[in-house]
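Colleague: Could you walk me through how the helices pack here, and what stands behind the words you use for them?

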Amino acid sequence: MLAEIPPAGRESPRPLFAGFPGLHGVVDAALDGTMGTVRADDATQPVVAVIELDFYLLAGDPLAPSAEPVVRGLSPPWSVVTSGEDWEPLLHRIWGVDLQTRTRVAFQPGNWDRPRLRQFRETLPDGFTLKRVTANDAARFAELEASLVYNYPSLEEFVERGVGFGVEHEGRFVSGCSSFALGRRSLEFEVQTHPDFRGRGLAAACAAAMIDYCLESDLEPCWDAHNDISAALAVKLGFVEPAPYTAYEVRE
């Protein structure tokens, strides 16, 4: 069994997550102690560790005695990213035909073209306004998509600890970018646009504002794409070095 590691003691699993294939901002936030639950098979010299939010990040040695109970203990529906492909045989052995794979793409920060980012922010269609989310806006921002805020225990904590930029139209947010995870060194992007308003540059405007925020706050912008649209937007914004990797899931 893995024991929960308190926020102040999460440096010990960090070497297991070195070189993790994606979701770098999530890894940093969890190990910084600002978000998520971290469990490990040993508090000081772990061999297997897992970060848990609404999905799992699993790292370490899949041949260790503690690895199989962790994989067996996953409760469907679940989604997991592992530290390497060497976990795949264990996942297949335990979950068999129920195991599905999908490709995600991790990006690295580029050499940012600040004038181009400013252009994304300033060329919205008429009737659309970009703004930073405040306490007065948080509830309406969350209505766009729960994933923009659900890693925070409350909207109040999202406003206090997190960051959000949204595009408003006729009194509601129709696109937004938030800090899906926020640590001391990095910020993982979450971008959502209402289906009726896609293709108008709204997501690019919100994400450009978040990149500027990161640069002004000495944070590394982290982008992890789950589909081709997200990957194309990352390239458009200036993220580089796309690196595909595999995520695993079992559905209900």
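**Helix packing and burial**

Modeller: Gladly. Helix 7 passes helix 8 in a right-handed crossing. Keep in mind that this is a predicted model.

Colleague: Why is helix 7 called oblique to helix 8?

Modeller: The two helices pack at an angle of about 55°, and their axes are 11 Å apart. Angles under 35 degrees would count as roughly parallel and 65 to 115 as roughly perpendicular. The angle between helix 7 and helix 8 fits neither class, so the pair is oblique.

Colleague: Which residues make that contact?

Modeller: Helix 7 brings Ala 203, Ala 204, Ala 207, Ala 208 and Ile 211, while helix 8 brings Leu 233, Lys 236 and Leu 237. By class, seven of the contact residues are nonpolar, none is polar and one is charged.

Colleague: What makes helix 4 and helix 7 oblique?

Modeller: Their axes come within 7 Å and cross at roughly 135°. Roughly perpendicular ends at 115 degrees and roughly antiparallel starts over 145, so helix 4 and helix 7 are oblique to each other. Their crossing is left-handed.

Colleague: And what does each helix contribute to the contact?

Modeller: From helix 4 come Arg 114, Leu 117, Phe 120 and Arg 121. From helix 7 come Ala 204, Ala 205, Ala 208, Ala 209, Ile 211, Asp 212, Leu 215 and Glu 216. The contact of helix 4 with helix 7 has eight nonpolar, no polar and four charged residues.

Colleague: How do you know that the buried residues of helix 8 line one face?

Modeller: Ser 230, Ala 231, Leu 233, Ala 234 and Leu 237 are buried in helix 8 (residues 228-237). Viewed down the axis of helix 8, these buried residues fall within an arc of 160°, so they line one face of the helix. On the other side of helix 8, Asp 228, Ile 229 and Val 235 are exposed.

Colleague: What covers the buried residues of helix 8?

Modeller: The cover includes strand 6 (100-108), helix 4, strand 10 (186-193), helix 7 and strand 12 (224-225).

Colleague: One last residue: why does Ala 64 count as buried?

Modeller: Ala 64 has 10% relative accessibility. Buried means under 20%, so Ala 64 qualifies. Ala 64 is found in the loop between strand 4 (56-60) and helix 2 (67-72). Leaving aside residues up to four places away in sequence, Ala 64 touches Val 47 and Val 48.

Key: Residues numbered from 1 in each chain as written. Predicted model: local features only at pLDDT ≥ 70, side-chain atom pairs only at ≥ 80, totals over all residues. Heavy atoms only, no water. Axes fitted to C-alpha atoms, helices over the stretch in contact; angles between N-to-C directions. Helix = DSSP H or I, 4+ residues; strand = E, 2+ residues; numbered from the N terminus. Left-handed = near helix turned anticlockwise from the far one by under 90°. Contact = heavy atoms within 4.5 Å. Nonpolar A, V, L, I, M, F, W, Y, C, P; charged D, E, K, R; others polar. Buried < 20%, exposed > 50% of the residue type's maximum accessible area, 1.4 Å probe, protein only. Arc of directions from axis to C-beta.
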